[in-house]
Amino acid sequence: MQFGIFTVGDIAPDPITGYTYSEAERIQNIIRVAKRADEVGLDVFALGEHHNPPFVPSSPTTLLAYIAAETERIILSTSVTLMTTNDPVRIAEDYAMLQHVAKGRLDLMVGRGNTGPVYPWFGKDIRQGVALALENYNLLHRLWREDVVDWEGQFRTPLQGFTSTPRPLDDVPPFVWHGSIRTPEIAEQAAYYGNGFFANHILAPNFAFKPLVDLYRRRFEHYGHGTEAQAIVGLGGMSFIAKRSQDAVNAFRPYYENYPLFRGSRLEDHLAATPITVGSPQEVIDKVLTFQEGFGDYQRQLFALDGLALPIEVALEQVELLGTEVIPVLRKEMEARRAPDVPDAPTHGSLVVAKYGDAEPRQPRPNPNRGDNLSGTSPYQDSDPAIAAHFPGAF
């Protein structure tokens, strides 16, 4: 079981002091939170992708690459990589490069996001959102597994004799989670490829996403990747922790109830009706254990800890409490309750072993004189010679 945190990099005025972090401060604070997560032994740090204020993570690969250099063991991920408005060729190359920089400590979550205006900003039609997500991932999947790709689809120019560089580390692509809270087609695609499915179980009513998770599990088994119980599921969450329950509620209330998204609501109402966990370490533990009861055994639990204008000192304390007071107990309890045939979440190491066993992983070495895409027929010295790349004519 993997435990970690995710951030969307939001900025808002502190309702107590009135202070608003600058973009520069927020970016540095994200780095501090990620480093603290690594120090206290969390498994995953995930970063969202947004292209509008008041959010700062417009380039997740840039920030995650820096964090990779500043951390030792934590897996780096995205809490969404926009599969709709990013070019899948760009995703293939950027995240393969990041995988190399992070020495395999990388996976990613692909999804449609929740910002409607982003579609026209990147020249896309929101009415084609689901079709874009499906087609673009289908291409990404091939780009990471085939040295030479010929492809033609609906939403981008065709590819002829195309090689995405660099190839994934050890020729093993990053593991992909498909994130969705409302789209059965995305659950179906995740199941078809045997990828993970992530439901951000955070703001909707308790267990609102169970039907979608159950659909993914059924289709995972249908496509022959394992039993329903062996499907790879991740859940999101939001928590605020203090040694005493009422202290947690009192400290979190002004940040929650004054945040624009929740203004006019009562924290207690959300605590009763949604998966948000605010209280003592034991109360947070108890509520998260209900997720396992409701959704079945799952592989990844991520918490949002640093948003809603929380001061950085408070956010760092939250990471500390999560890593020292909550996660050790959850690891023990959830492992004791887990069925024996339920797998762990894939990592680069486990995927390398699954592909190669005891053999040495592939290390692609390019053939020369291919920079113009007009010379030679094989991009790598060990590429299958039967697969010849036929390039467009020169003009």
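The exercises below, each with a worked solution, concern a predicted model.

**Exercise 1. The sheet and its edges**

Determine the strand order of the open sheet of nine strands, and find which strands stand at its edges.

Solution. Reading across the sheet, the order is β3-β2-β1-β13-β10-β9-β8-β5-β4, and the pairing is parallel. The next step is to look at the ends of this order, where β3 (75-78) and β4 (81-82) each have a single partner strand, so that one side of each is left without a neighbour in the sheet. Elsewhere in the order, strand β1 (residues 2-7) pairs with strand β13 (residues 300-304) in the parallel sense over five bridges, and in this pairing Q2 stands opposite R300 in β13.

**Exercise 2. The surroundings of strand β8**

Identify the strands that pair with β8 and establish how many of its residues are buried.

Solution. Begin with strand β5 (residues 107-111), which is joined to β8 by four bridges and runs parallel to it; here L108 stands opposite V176 in β8. Then take strand β9 (residues 196-199), which pairs with β8 in the parallel sense over three bridges, with W177 standing opposite G196 in β9. Turning to the side chains, F175, W177 and G179 point one way from β8, whereas V176 and H178 point the other way, and all are buried. Since buried means under 20% relative accessible area, the count for strand β8 (residues 175-179) is five of five, so the strand is largely enclosed by the rest of the structure.

**Exercise 3. From β8 through α6 to β9**

Give the handedness of the β-α-β unit that contains helix α6, and describe the environment of I186.

Solution. The unit made by β8, helix α6 (residues 184-193) and β9 is right-handed. I186 has its place in helix α6, and with a relative accessible area of 6% I186 is buried. If its neighbours within four places in sequence are left aside, I186 is in contact with A133, L134, H178, G179 and S180. I186 and Y216, finally, are 30 residues apart in sequence and 8.8 Å apart in space, C-alpha to C-alpha.

**Exercise 4. The packing of α2 and α3**

Classify the mutual orientation of helices α2 and α3, and list the residues through which they meet.

Solution. Two packed helices are described by the angle and the distance between their axes. For helix α2 (residues 60-70) and helix α3 (residues 88-101), the axes come within 10 Å and cross at roughly 5°. Angles under 35 degrees count as roughly parallel, and α2 and α3 are therefore roughly parallel to each other. In the contact, P60, T61, L64 and A65 in α2 meet D94, Y95, L98 and V101 in α3; by class, these are six nonpolar, one polar and one charged residues.

Notes:
Residues are numbered from 1 along each chain as its sequence is written. This is a predicted model: local features need pLDDT of at least 70, side-chain atom pairs count only at pLDDT 80 or more; totals for chains, interfaces and linings use all residues. Side-chain values use heavy atoms; hydrogens and water are left out. Axes are lines fitted to C-alpha atoms, for helices over the stretch in contact, and angles run from 0 to 180 degrees between N-to-C directions. Helices (H or I, at least four residues) and strands (E, at least two) are DSSP runs, numbered from the N terminus. Angles under 35 degrees count as roughly parallel, over 145 as roughly antiparallel, 65 to 115 as roughly perpendicular and the rest as oblique. Contact means heavy atoms within 4.5 Å. Ala, Val, Leu, Ile, Met, Phe, Trp, Tyr, Cys and Pro count as nonpolar, Asp, Glu, Lys and Arg as charged, and the others, Gly among them, as polar. Buried means under 20% relative accessible area, exposed over 50%, partly exposed in between (1.4 Å probe, protein chains only). Two strands pair if DSSP finds at least two bridges between them. A crossover is right-handed if, with the strands pointing away from the viewer, the path from the first strand over the helix to the second runs clockwise.
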